[in-house]
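Reader: Please take me closely through one part of this model, the place where one chain meets the other, and then work outwards from there. I would like every term to come with its cut-offs.

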Amino acid sequence: MRHLIYYLRGYVAIIVEGKSLERFINMAVRRGIKFWDVTYLGRERILLRVRWDAVRALRHIARRTASRFRIQGKAGLPFVFGRARRRKALYGGALFFLAALYFLSLFVWVVEVSGTKRTEATAIRRVAAEAGLEPGTLRWRIKEKEVEQVIKERFPAVAWVEVEIKGSRALVRIAEKKLPDAIPRTPAHVVARRAGLVEEVLVLEGQPVVKEGDTVLPGQVLISGEIISEAEGEGEVAPGPPRYTRAKGIVRARVWYQGYGEVLLRERGERPGRVARALILKAGGREVRLYGPGSPPYSRCRVRVTTKKPLQWRNFGLPIEIISREFTELVPYEIRRSRAEARRLAEQRARRMVHSSLPDEKRLLRESVEEVRAAEPEETVRVRLEVEVLEDIGVVREFKP
Amino acid sequence: MRWRELQRQLRRKTVAALDLPSEVAFNLPKIVITGNVQVLIENHRGIVSYDQEEVRLLVEAGEVAVSGRGLVIRSIIPEEIVIEGEIQGVWFV
């Protein structure tokens, strides 16, 4: 603690020489000059430390006690500043840098908008700029509450907005209201997506065209959006003008899907094995192999070649190419399966094929698996899968009346 | 002279009555020795001599000599002196 104060005020280490050093010390001490770390250096020579503004008084005392002293070293903040005064450019530059940094930190440089889904972030940024929040504004000039208010007024879809200034970034966080999608008003039919046998018709809007038990083809109108008002009572009167509406309803139908899978009892093929890479530097017409094999290292392999041209700029560039060759070994394999195993696998394949085309909402009614047998025994197991599903086959299709 | 004698007597009695520490009442040196590394002397009157082996100080009752090896005056102000080093003895001379 005391040393810190000494450092802040600055002190000097001095070497005093003379015959009556004790008198020198006593006289100085009586005048209130404080010494510390007084070290005996030899005959009539001592080293001591003293506050640097006491040096002038010490000169006077030295004259009266017939001793001499010289300053051996200086330490402390005042001397640091003194040095700084001599190296103006360096310390001035550092100071300028700090000042510039501080000055630049007074501004907002980035406006970030988050949370937007339907509204454009750029539009919000534009409105915020009108309200006084844009890159290059002084931070204390920005009134967050005001910007929030303006954004809320200008965008009715915005439910909540918060403007927060973090350093030189301004964050605009937005939560949008969940608005229901606009319902289109153009007239439409409900048509069949797939062929099937109609099981159930539930009309919410429109006029049903099919009834339970009907077989429908893809694209066939199920619920019509064209309502022809039937004249009541008098059969002779011509039907009135048709009314158009957007048909709505559920048409559940039985739909059949078919899948097929086949598996060989003895399967042969090649699978990738080990990999070896070679790097080749091509300069001019010469090729230099940097590392890796020069020729394919495996008896059967696949080669992939990629070429890179480093240091290319527009039309200029070094006539150097780096070619990388990747050799992938191909290992032959053979799998033998029992008939039951093969059949299970074939079924699996068939089922995967069917399920990829099934809709999400359905009810499985029936599933039948059938092995297809050829006239003469062969080395393949073939399976046919038939799935019967109850699903909503209606899709909305707009039409022009 | 008689007046001086009386004054001293009175002071001694007051000190005894009030239980004052004598270094305050009679300006006697108070010496604190910490191990064999530091000697703190309050109420000194200045340095008589100083080198690495011995520091002699003027005090009220005469002189105090601190002997040792590699003695350094850590700090010195009018009332107090701190001597550090390898202390071997403190003598009244």
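Author: A good place to begin is W36(A), whose bridge partner in β5(B) is S75(B). This is a predicted model, in which local features need pLDDT of at least 70 and side-chain atom pairs count only at pLDDT 80 or more, while totals for chains, interfaces and linings use all residues. Residues are numbered from 1 along each chain as its sequence is written, and chains are lettered from A and ligands numbered from 1 in the order in which they are written.

The pair W36(A) and S75(B) belongs to a ladder of four bridges, over which β2(A) and strand β5 of chain B, residues 62-77, run antiparallel. Two strands are taken to pair if DSSP finds at least two bridges between them, and the elements themselves are DSSP runs numbered from the N terminus, helices being H or I of at least four residues and strands E of at least two. Strands of a sheet pair through backbone hydrogen bonds, either parallel or antiparallel.

The contact as a whole takes 14 residues from chain A and 14 residues from chain B, where two residues are in contact if their C-beta atoms, placed from the backbone, lie within 7 Å. On the side of chain A that touches chain B, α2 (21-30) and β2 (35-42) each supply at least two residues. That side of chain A divides into seven nonpolar, three polar and four charged residues; Ala, Val, Leu, Ile, Met, Phe, Trp, Tyr, Cys and Pro count as nonpolar, Asp, Glu, Lys and Arg as charged, and the others, Gly among them, as polar.

Within strand β2 of chain A lies D37(A), which has a positive phi of about 50 degrees although it is not a glycine. D37(A) is partly exposed, because 15 other C-beta atoms lie within 10 Å; a residue is buried if 20 or more other C-beta atoms, placed from the backbone, lie within 10 Å of its own, exposed if 12 or fewer, and partly exposed in between.

The helix α2(A) is mostly covered, with seven of its ten residues buried, namely L21(A), E22(A), F24(A), I25(A), N26(A), A28(A) and V29(A). Just after α2(A), G32(A) takes a positive phi of about 90 degrees. I25(A) and A28(A), together with F35(A) and V50(A), are the residues with the most contacts inside the largest nonpolar core, which has 32 residues; such a core is a set of buried Ala, Val, Leu, Ile, Met, Phe, Trp, Tyr and Cys residues joined through C-beta atoms within 7 Å. Leaving aside neighbours within four places in sequence, A28(A) is in contact with I33(A), F35(A), L58(A) and I61(A). Apart from this core lies another, of 24 residues, among them V191(A), V201(A), V251(A) and V381(A).

A second residue with an unusual sign to note, A66(A), has a positive phi of about 55 degrees although it is not a glycine. A66(A) sits in the loop between α3 (55-64) and β4 (67-75) of chain A, and it is exposed, because 11 other C-beta atoms lie within 10 Å.

On the other side of the contact, the elements of chain B run α-α-β-β-β-β-β-β from the N terminus on, which comes to two helices and six strands. Of the 93 residues in chain B, 17% are buried. Among the contacts in chain B with a separation of 6 or more, 34% join residues 24 or more positions apart.

Strand β5 of chain B also holds S67(B), which counts as partly exposed because it has 16 C-beta neighbours inside 10 Å. Not counting residues up to four places away in sequence, S67(B) touches E53(B), E54(B), Q88(B) and G89(B). S67(B) and Q52(B), which are 15 residues apart in sequence, lie 8.5 Å apart, C-alpha to C-alpha.

As for confidence, pLDDT is the predictor's confidence in each residue, from 0 to 100. The mean pLDDT of chain A is 86, and 97% of its residues reach 70 or more. Among the elements of chain A, strand β21 (residues 312-313) has the lowest mean pLDDT, 74, and strand β1 (residues 11-18) the highest, 92. Where pLDDT is low, the predicted coordinates should not be read in detail.
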